[in-house]
Amino acid sequence: MNQEWLWVTIGFIGQALFSARFIIQWLASERARRSVVPIAFWFFSLGGGATLLAYAIYRRDPVFIAGQGAGLIIYIRNLMLIRREQRQTASPEDVSNS
């Protein structure tokens, strides 16, 4: 496999991860019978976005780089907010064990 095919494969893997987040969100919403955004959505967004950013950097595509780079900031911030909320709602026993 030459370098070009390797990067095309990485690009497709990133796109698959990024697209899977919508399936995860849809299935979680169907189960809850309301619109929800599970934590896995943000992790798939982060994984897919980071992989696609690497691909965009390889391709030297400034539009793609800007879009994926900005998205990564949002995904990381959402995960930080979720973690903070989980810590605030954790029982004192849970906090002392961590």
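Okay, let's start with a pair of side chains: glutamate 4 and arginine 59 meet in a salt bridge, 2.7 Å from N to O. Glutamate 4 sits in helix 1 and arginine 59 in helix 2, so this pair ties together parts that are 55 residues apart in sequence. The count for the model comes to one salt bridge. As for how open the two partners are, glutamate 4 is partly exposed, since its relative accessibility is 33%. Arginine 59 also counts as partly exposed, because its value is 36%.

I should say right away that this is a predicted model. How confident is the predictor? The chain averages a pLDDT of 91, and 92% of the residues score at least 70. Broken down by element, helix 2, residues 39-59, has the highest mean at 95, while helix 4, residues 92-97, has the lowest at 60. So please keep that 60 in mind when you look at helix 4.

Now, helix 2. Is its length what you'd expect? Let me put that properly: what should its 21 residues span? At 1.5 Å a residue the answer is 30 Å, and the end C-alpha atoms are 30 Å apart, so the two agree. Quite a few of its residues are buried, including Phe41, Trp42, Ser45, Gly48, Gly49 and Leu52. Which helices do the buried residues pack against? Helix 1 and helix 3.

That brings us to the core. The largest nonpolar core has eight residues: Phe18, Phe41, Trp42, Leu52, Leu53, Leu72, Tyr75 and Leu79. Helix 2 and helix 3, which runs 62-89, each supply at least two of them, and helix 2 gives the most, with four. As background, nonpolar side chains tend to be buried together in soluble globular proteins.

Let's zoom in on one member, phenylalanine 18. You'll find it in helix 1, residues 3-32. Phenylalanine 18 counts as buried because its relative accessibility is 13%, and the cut-off for buried is under 20%. Setting aside neighbours within four places in sequence, phenylalanine 18 is in contact with Phe44, Ser45, Gly48, Gly49, Leu52, Gln68 and Tyr75. Another pairing to look for is phenylalanine 18 with threonine 51: they are 33 residues apart in sequence, and their C-alpha atoms are 9.0 Å apart.

Also in helix 1 is arginine 21, and this one is a bit of a puzzle. Arginine 21 is buried yet has no salt bridge. Where is the nearest side chain of opposite charge? That would be aspartate 61, 17 Å away. What arginine 21 does touch, beyond four places in sequence, is Phe41, Phe44, Ser45 and Tyr75. From the other side, phenylalanine 41 touches Arg21, Phe22, Ile24 and Gln25, with the same kind of sequence neighbours left out.

Last stop, the loops. Most residues other than glycine have a negative phi. Arginine 33 has a positive one, near 60°, and is found in the loop between helix 1 and helix 2. Buried or exposed? Arginine 33 is exposed, because its relative accessibility is 75%. Then there's arginine 60, which follows helix 2 and has a positive phi near 55°. Its place is the loop between helix 2 and helix 3. Arginine 60 counts as exposed too, because its relative accessible area is 72%.

How values were computed. Residues are numbered from 1 along each chain as its sequence is written. This is a predicted model: local features need pLDDT of at least 70, side-chain atom pairs count only at pLDDT 80 or more; totals for chains, interfaces and linings use all residues. Side-chain values use heavy atoms; hydrogens and water are left out. Helices (H or I, at least four residues) and strands (E, at least two) are DSSP runs, numbered from the N terminus. Buried means under 20% relative accessible area, exposed over 50%, partly exposed in between (1.4 Å probe, protein chains only). Contact means heavy atoms within 4.5 Å. pLDDT is the predictor's confidence in each residue, from 0 to 100. A nonpolar core is a set of buried Ala, Val, Leu, Ile, Met, Phe, Trp, Tyr and Cys residues joined through side-chain atoms within 4.5 Å. Lys and Arg count as positive and Asp and Glu as negative; His and the chain ends are not counted. A salt bridge is a side-chain nitrogen of Lys or Arg within 4 Å of a carboxyl oxygen of Asp or Glu. The expected span of a helix is 1.5 Å times one less than its number of residues.
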